[in-house]
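Q: I am new to this structure and would love a close look at a single part of it. Could you pick one helix and walk me through what sits along its surface?

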Amino acid sequence: PPHTPPPPPHTRLGSNTWRQAKYSSEHKSLLGGASGMEMLDVTSDDHRARLAHSTQKINRGSTYIQQAQEIAEDTLDLGVNSMAELKRQEEVMEGGIRKVGGMNERLSEAQRVMRQISRTLVQNKLMLIGIIMLLLLAMGIIIYLKFLW
């Protein structure tokens, strides 16, 4: 309620009169000019309306909280599923890395074998060329000696 300051000393009414006027003013401002019974009916209706409004707000808030909780649970489930899928993919990739490592070892071994085969091939070609040259030289010598005699 608004506070009414006391009147200045030179216009002061009797102490009781001022208090009665103040009380009457506050009483009327609180009741809004209505009688006591009318005010009780308005007040109880107002309380019922406020209570119904508050109940609606609480119900809406509960619904929002429940929806938010469901969304949070769905998000958590999605996160757990995503983590499980990522773990599975990690295992697949690690298996692939192991296989690639094994392939690298096999390729290195294959390269070593291919170099060895290549060296052997070159050696065999050189020996074959050498043998062919010796045979040609031997044939040349035989033909030369045959014509000389």
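A: Happily! Let us start with a patch of negative charge on the surface, where E70, E73, D74 and D77 gather. Please keep in mind that this is a predicted model. One member of the patch, D74, is found in helix α2, which covers residues 36-148. D74 counts as exposed because its relative accessibility is 52%, and the cut-off for that word is over 50%.

It helps to place this helix in the chain as a whole. The chain has two helices and zero strands. Of its 149 residues, 2% count as buried. The accessible surface of the chain comes to about 13700 Å², and carbon and sulfur atoms account for 66% of that area.

That brings us to another kind of patch. V122, L126, L128, I129, I132, M133, L136 and M139 make a nonpolar surface patch of about 800 Å². Among these residues, I132 lies in helix α2, the helix that also holds D74. How exposed is I132? With a relative accessible area of 44%, I132 is partly exposed, because that class lies between the 20% limit for buried and the 50% limit for exposed.

Now for the charged pairs. Side chains of opposite charge can pair when their charged atoms come close. In the whole structure, a search finds five salt bridges. Here are three pairs to look at one by one.

Take R50 and D46 to begin with. Their side chains meet in a salt bridge, with 3.4 Å from N to O. The two residues are four apart in helix α2, so about one helical turn separates R50 from D46. How open to the surroundings are these partners? R50 counts as exposed, because its relative accessibility is 53%. D46, in turn, is partly exposed, because its relative accessible area is 32%.

Further along the helix, R88 forms a salt bridge with E85, and the closest N and O atoms of this pair are 2.6 Å apart. R88 and E85 are three residues apart in helix α2, so they too are separated by about one helical turn. R88 has a relative accessible area of 44% and is therefore partly exposed. Its partner E85 is partly exposed as well, with a relative accessible area of 32%.

The last pair on our walk is E109 with R112. A salt bridge joins these residues, and their closest N and O atoms are 2.5 Å apart. E109 and R112 also lie three residues apart in helix α2, so the separation is about one helical turn. For E109, the relative accessible area is 41%, which means partly exposed. R112 counts as partly exposed too, at 41% relative accessibility.

To put the picture together, helix α2 holds D74 from the negative patch and I132 from the nonpolar patch. The salt-bridged pairs R50 and D46, R88 and E85, and E109 and R112 are found in helix α2 as well.

How values were computed:
Residues numbered from 1 in each chain as written. Predicted model: local features only at pLDDT ≥ 70, side-chain atom pairs only at ≥ 80, totals over all residues. Heavy atoms only, no water. Patch = residues over 30% accessible without salt bridge, like charges linked within 9 Å, V, L, I, M, F, W, Y side chains within 5 Å. Areas by Shrake-Rupley, 256 points an atom, 1.4 Å probe, with all protein chains shown as cover. Salt bridge = Lys/Arg side-chain N within 4 Å of Asp/Glu carboxyl O. Lys, Arg positive; Asp, Glu negative; His and termini not counted. Charge placed at Lys NZ, Arg CZ, Asp CG, Glu CD. Buried < 20%, exposed > 50% of the residue type's maximum accessible area, 1.4 Å probe, protein only.
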